[in-house]
Amino acid sequence: MLSVHILCVGKLKEKFYTQAAAEYVKRLSAYCKLDLQELPEERLPQNPSQAQVDAALAKEAAAIRAKLPSSSSVIAMCVEGKTRSSEELAALMAGWEHSSAKHLVFLVGGSYGLDEALKKEAWVRLSMSPMTFPHHLARVMLLEQIYRAFKINEGSSYHK
């Protein structure tokens, strides 16, 4: 069974996000060994300077790196990443199944995104859209798209 990890900065608090995420986690259990971890988001003042944001992102990146399993392919979810269709994500995931990496790891940053150095280290940078979404919603959207990719690859009618 595939090993898929999602490392998220920030904790889901809203009930509707937690319920939606839980539904997709349940659905994904039939397709992969899913490990979803929440890492703490660094506290920042109300109007942080760029230096404060950069320092916080660097600390979050260190926490993320500490959680990365060895032999993993990392996909950084970021607005400047490449947008892909659901079919392209499914093909990417199908191709990964045949790679030497043992773990596929998706990174979801907090409200300020991900550290630039961490994004550069990623195997792939992926964007959901040029639009801005709350990072909590992005997590739910990512879970749904991973589920959709598995359904596409099995030939299911879920993806129409």
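**A five-stranded parallel sheet and its surroundings**

In this predicted model, eight of the eight residues of strand 1 are buried, so that strand 1 is largely enclosed by the rest of the structure. Strand 1 comprises residues 2-9, and both of its faces are covered: Leu2, Val4, Ile6 and Cys8 are buried on one side, and Ser3, His5, Leu7 and Val9 are buried on the other. In a regular strand the side chains alternate between the two faces of the sheet.

Strand 1 belongs to an open sheet of five strands, in which the order is 2-1-4-3-5 and the pairing is parallel. The edges of this sheet are formed by strand 2 (32-39) and strand 5, each of which has a single partner strand, so one side of each is left without a neighbour in the sheet. From one strand to the next, the twist averages 30°.

The pairing can be followed across the sheet from strand 2 to strand 5. Strand 2 and strand 1 are paired in the parallel sense over eight bridges, and within this pairing Glu38 of strand 2 stands opposite Cys8. Strand 1 also runs parallel to strand 4, to which it is joined by five bridges. In strand 4, Val108 is the bridge partner of Cys8, while Leu107 of strand 4 stands opposite Leu7. Cys8 thus has Glu38 opposite it in strand 2 and Val108 as its bridge partner in strand 4.

Strand 4 (residues 103-108) is in turn paired with strand 3 (residues 72-83), in the parallel sense and over six bridges; here Phe106 of strand 4 is the bridge partner of Ile75. Strand 3 further pairs with strand 5 (residues 124-127), with five bridges and again in the parallel sense, and Leu126 of strand 5 stands opposite Met77.

The connections between strands include two units of the β-α-β kind. One of them consists of strand 1, helix 1 (residues 15-28) and strand 2, and is right-handed. A right-handed β-α-β unit is likewise made by strand 3, helix 3 and strand 4.

Within strand 3 lies Cys78, which has a relative accessible area of 10% and is therefore buried, since the limit for this class is under 20%. When residues up to four places away in sequence are left out of account, Cys78 touches Lys119, Arg125, Leu126 and Ser127. The C-alpha atom of Cys78 is separated by 7.8 Å from that of Val108, although the two residues are 30 residues apart along the chain. Val108 is the residue of strand 4 that serves as bridge partner to Cys8, and Leu126 is the residue of strand 5 that stands opposite Met77.

Helix 3 (residues 86-96), besides its place in the unit with strand 3 and strand 4, packs against helix 5 (residues 135-154) at an angle of about 75°, the two axes being 8 Å apart. The two helices are therefore roughly perpendicular to each other, an arrangement assigned to angles of 65 to 115 degrees. On the side of helix 3, the contact is made by Ser86, Glu87, Leu89, Ala90, Ala91, Met93 and Ala94, and on the side of helix 5 by Gln145, Ile146, Arg148, Ala149, Phe150, Ile152 and Asn153. Of the residues in this contact, nine are nonpolar, three are polar and two are charged.

Arg148, one of the contributors from helix 5 to this contact, is buried, with a relative accessible area of 17%. Apart from residues up to four places away in sequence, Arg148 touches Ser86, Tyr158 and His159; of these, Ser86 is among the residues by which helix 3 takes part in the contact with helix 5.

Two loop residues that are not buried complete the description. Gln46 is situated in the loop between strand 2 and helix 2 (50-67), and at 73% relative accessibility Gln46 counts as exposed. Gln46 and Lys119, which are 73 residues apart in sequence, lie 25 Å apart in space, C-alpha to C-alpha; Lys119 is one of the residues touched by Cys78. Ser71 is found in the loop between helix 2 and strand 3, and with 36% relative accessibility Ser71 counts as partly exposed. The phi angle of Ser71 is near 55°, which is a positive value in a residue other than glycine.

Methods. Residues are numbered from 1 along each chain as its sequence is written. This is a predicted model: local features need pLDDT of at least 70, side-chain atom pairs count only at pLDDT 80 or more; totals for chains, interfaces and linings use all residues. Side-chain values use heavy atoms; hydrogens and water are left out. Axes are lines fitted to C-alpha atoms, for helices over the stretch in contact, and angles run from 0 to 180 degrees between N-to-C directions. Helices (H or I, at least four residues) and strands (E, at least two) are DSSP runs, numbered from the N terminus. Angles under 35 degrees count as roughly parallel, over 145 as roughly antiparallel, 65 to 115 as roughly perpendicular and the rest as oblique. Contact means heavy atoms within 4.5 Å. Ala, Val, Leu, Ile, Met, Phe, Trp, Tyr, Cys and Pro count as nonpolar, Asp, Glu, Lys and Arg as charged, and the others, Gly among them, as polar. Two strands pair if DSSP finds at least two bridges between them. A crossover is right-handed if, with the strands pointing away from the viewer, the path from the first strand over the helix to the second runs clockwise. Buried means under 20% relative accessible area, exposed over 50%, partly exposed in between (1.4 Å probe, protein chains only).
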